[in-house]
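User: I'd like a close look at one part of this structure, the buried interior. Please tell me what lies there and what covers it, and then follow the thread out to the loops.

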Amino acid sequence: MENNLDLSVENIKKLHEKCKAQDKDLYMFLKDEMPNISTEDRLKYLATVLNDFIEEYEWDEKAKRHKDDGYSIVKFYPKGNK
């Protein structure tokens with residue numbers, strides 16, 4: 001497990017830009033991009049990306065959620081990619 005998370009502005013912006021260039025929701029993108037980190041750490045990245053770029057994502061609260069390690073995770077899609 002990776003203990004040193006890179007939540008720097010530069011890294012979060014890079015992850016956001018890469019996510020926008022593909023068609024998966026943010027969590028599945030992060031899971032593919034960083035398969036060896038814990039669900040909790042992946043959720044820290046998800047929360048940080050959304051904190052900085054929430055206006056560039058869309059979601060449907062009634063849609064089926066991801067289930068991962070006991071978490072129920074809303075699917076956030078880059079706008080225009082859903």
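Analyst: **Into the interior**

The buried residues of H1 are covered by, among others, H2, H3, E1 and strand E4 (77-78). Happily, that is a good way into the whole picture, with one thing to keep in mind: this is a predicted model.

First, a little context. The protein has 3 helices and 4 strands, and along the sequence they come in the order α-α-α-β-β-β-β. Its radius of gyration is 12 Å, close to the 12 Å that the globule rule gives for 82 residues, so the protein is as compact as a globular protein of that length. The C-alpha atoms fill a box of roughly 35 × 30 × 20 Å along the principal axes, and 39% of the 82 residues count as buried. Among contacts between residues at least 6 apart in sequence, 53% join residues at least 24 apart.

Back to H1. With 12 residues at 1.5 Å a residue, H1 should span 16 Å, and its end C-alpha atoms are 17 Å apart, which agrees. The residues buried in H1 are Asn11, Ile12, Leu15, His16 and Cys19. They cover an arc of only 135 degrees around the axis, so they sit on the same side of H1. Turn to the other side of H1 and you find Val9 and Glu10 exposed.

H2 can be read in a similar way. Its buried residues are Leu26, Tyr27, Phe29 and Leu30. Because their arc around the axis is only 160 degrees, they lie on the same side of H2. The elements covering them include H1, H3, E1, E2 and E3. At the start of H2, a side-chain oxygen of Asp25 comes within 3.2 Å of the backbone nitrogen of Tyr27.

Next comes H3, residues 39-53. For its 15 residues the expected span is 21 Å, and the end C-alpha atoms are indeed 21 Å apart, which agrees. The buried residues of H3 are Thr39, Asp41, Arg42, Leu43, Tyr45, Leu46, Thr48, Val49, Leu50 and Phe53. They pack against helix H1 (9-20), helix H2 (26-33), E1, E2 and strand E3 (71-73).

What do these helices contribute to the largest nonpolar core? That core has 19 residues, of which Leu15, Leu26, Leu30, Tyr45, Leu46 and Tyr57 touch the most other members. H1, H2 and H3 each supply at least two residues of the core, and H3 gives the most, with 6 residues. In soluble globular proteins, nonpolar side chains tend to be buried together.

The buried places are not reserved for nonpolar side chains, and Asp68 in strand E2 is a nice one to inspect. Asp68 has a relative accessible area of 11%, and because the cut-off for buried is under 20%, Asp68 counts as buried. Its side chain makes a polar contact of 3.1 Å with the side chain of Lys31. Leaving aside neighbours within four places in sequence, Asp68 is in contact with Tyr27, Lys31, Thr39, Arg42 and Ile73. Two of these names are familiar: Thr39 and Arg42 are among the buried residues of H3.

Now for the loops. Ser38 is in the loop between H2 and H3, and it is buried, with a relative accessible area of 13%. The side chain of Ser38 reaches the backbone nitrogen of Asp41 at 3.1 Å.

Asp69 belongs to the loop between E2 and E3. In contrast to the buried Asp68, Asp69 is exposed, at 58% relative accessibility. Asp69 also has a positive phi of about 50 degrees although it is not a glycine, so its backbone deserves a glance in your viewer.

The last stop is Asp60, in the loop between strand E1 (57-58) and strand E2 (66-68). Asp60 is partly exposed, with a relative accessible area of 36%. A polar atom of the Asp60 side chain lies 2.9 Å from the backbone nitrogen of Lys62. Asp60 and Val74 are 14 residues apart along the chain, and their C-alpha atoms are separated by 8.0 Å.

Methods
Residues are numbered from 1 along each chain as its sequence is written. This is a predicted model: local features need pLDDT of at least 70, side-chain atom pairs count only at pLDDT 80 or more; totals for chains, interfaces and linings use all residues. Side-chain values use heavy atoms; hydrogens and water are left out. Buried means under 20% relative accessible area, exposed over 50%, partly exposed in between (1.4 Å probe, protein chains only). A polar contact is a pair of N or O atoms within 3.5 Å; within protein, one must be able to donate a hydrogen and the other to accept it, and residues adjacent in sequence count only if both atoms are side-chain atoms. The expected span of a helix is 1.5 Å times one less than its number of residues. Contact means heavy atoms within 4.5 Å. The arc is that of the directions from the helix axis to the C-beta atoms. A nonpolar core is a set of buried Ala, Val, Leu, Ile, Met, Phe, Trp, Tyr and Cys residues joined through side-chain atoms within 4.5 Å. The radius of gyration is taken over C-alpha atoms; the globule rule is 2.2 Å times the number of residues to the power 0.38.
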